[in-house]
Amino acid sequence: MTEGCPPMRYFCTYLNAGYLNRVIVLIESMRKWIPAFELHVLAFDNDVTNCLSPEIFPEVKIVSLADFENRNPDVAATKAVRTRAEYFFTCTGAWTYDVLHQHPMIDILSYIDVDICFFAPAESIFEELGNGSILITEHHFHPAKQSAIIYGRYNVGLLCFRNSIIGLACLKKWRNQCVEWCYDRLEDGKFADQKYLDVWPELYGKDVVVTRQLVNLGPWGLQSDDIRLDNGCIYIGSEGNLIAYHFQGVRQFSKRHYYLGFYFPFCPINIIQYLYDPYIEALNRVNKQSNLCNYTHGRYGKQGILYQMTTGYWFNNSSLCRLVWWVHHYLLRL
């Protein structure tokens, strides 16, 4: 690293065309809060390769699914017996290991889900890792959602691996475990690619750092409106400022109509105002700028307005719906 220059931070992720608007919003947030970074992308289809052109996204390094599968035939062999989502999960550890194997000069590689967005400088993540080899993030389940811990104490959304003996050993073992078994169900103490992480602190001891920061916080950790904006930073209760939020479960049905995910039967207004409204606005802007139309069409969009309003839907920029939301929010606080 040249003296006075920020350290280069390396990330990897994967996606198909359905998540293009999300990855562009992620990249925009990384540009704002990470001075120097590379994002290695595994492209599951040609639309991803065509959209993330090097002229517009010089930070992005793309590898096609065919090239990845040619180097990892054991991973490709699982495609026939797994659903699309399960195959994505299977690729998480394998793709992360593949990037480190192909780029041995990388010192620390962070896997990141495409539906994450940064809200503050990310350098403190790497400072917290220090001399450790692995950084993981807890779900921090809200007490009302604690039962979900059966699916894993830690969330795969953001993980850091040092290119060291311990870091590579952990990553390679995880890769091989997911190739052997990675299904979207609970079975014998396993769940997808996630439950494997539960034993890492015990297996690798002080080489594992469980972050204490609000990194990869998701809807599973939010329940109340104890969230505020102060000097451009988002704060959650007394836990500090939010560095990165995981917008897991968001589904968009039109420009103004979206679903927050099953974690919110009815979402408090401050969470809407400071997190979800800006995120949806960013997705809409990216859709327009990049000529994308990544809307989901399904059974949820056919329900009536009362059903939609009580199951996490929101009509952005609709005065009537916002008024109903505020009234309901006020009554809940009485």
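## Salt bridges in a predicted model

Arg175 is buried, at a relative accessible area of 8%. The model is predicted. A search of the whole structure finds nine salt bridges. Three are worked through below.

**Exercise 1.** Find the salt-bridge partner of Arg175 and state where each residue of the pair lies.

*Solution.*
- Step 1: Arg175 pairs with Asp74, and their closest N and O atoms are 2.9 Å apart.
- Step 2: The cut-off is 4 Å, so this pair qualifies.
- Step 3: Asp74 sits in helix H4 (residues 73-76), and Arg175 in helix H7 (residues 165-180). The two are 101 residues apart, so the pair links distant parts of the chain.
- Step 4: Asp74 is partly exposed, with a relative accessible area of 33%.

**Exercise 2.** Which residue forms a salt bridge with Glu28, and which helices does the pair link?

*Solution.*
- Step 1: The partner is Arg285, with 2.8 Å between the closest N and O atoms.
- Step 2: Glu28 belongs to helix H1 (residues 20-33), Arg285 to helix H9 (residues 269-289). They are 257 residues apart.
- Step 3: Arg285 has a relative accessible area of 33% and is partly exposed. Glu28, at 26%, is also partly exposed.

**Exercise 3.** Classify Lys195 and Asp198 as buried, partly exposed or exposed.

*Solution.*
- Step 1: Their side chains meet in a salt bridge, 3.2 Å from N to O.
- Step 2: Buried means under 20% relative accessible area. Lys195 is at 18%, so Lys195 counts as buried.
- Step 3: Asp198 has a relative accessible area of 26%, so Asp198 is partly exposed.

Note on methods: Residues numbered from 1 in each chain as written. Predicted model: local features only at pLDDT ≥ 70, side-chain atom pairs only at ≥ 80, totals over all residues. Heavy atoms only, no water. Helix = DSSP H or I, 4+ residues; strand = E, 2+ residues; numbered from the N terminus. Buried < 20%, exposed > 50% of the residue type's maximum accessible area, 1.4 Å probe, protein only.
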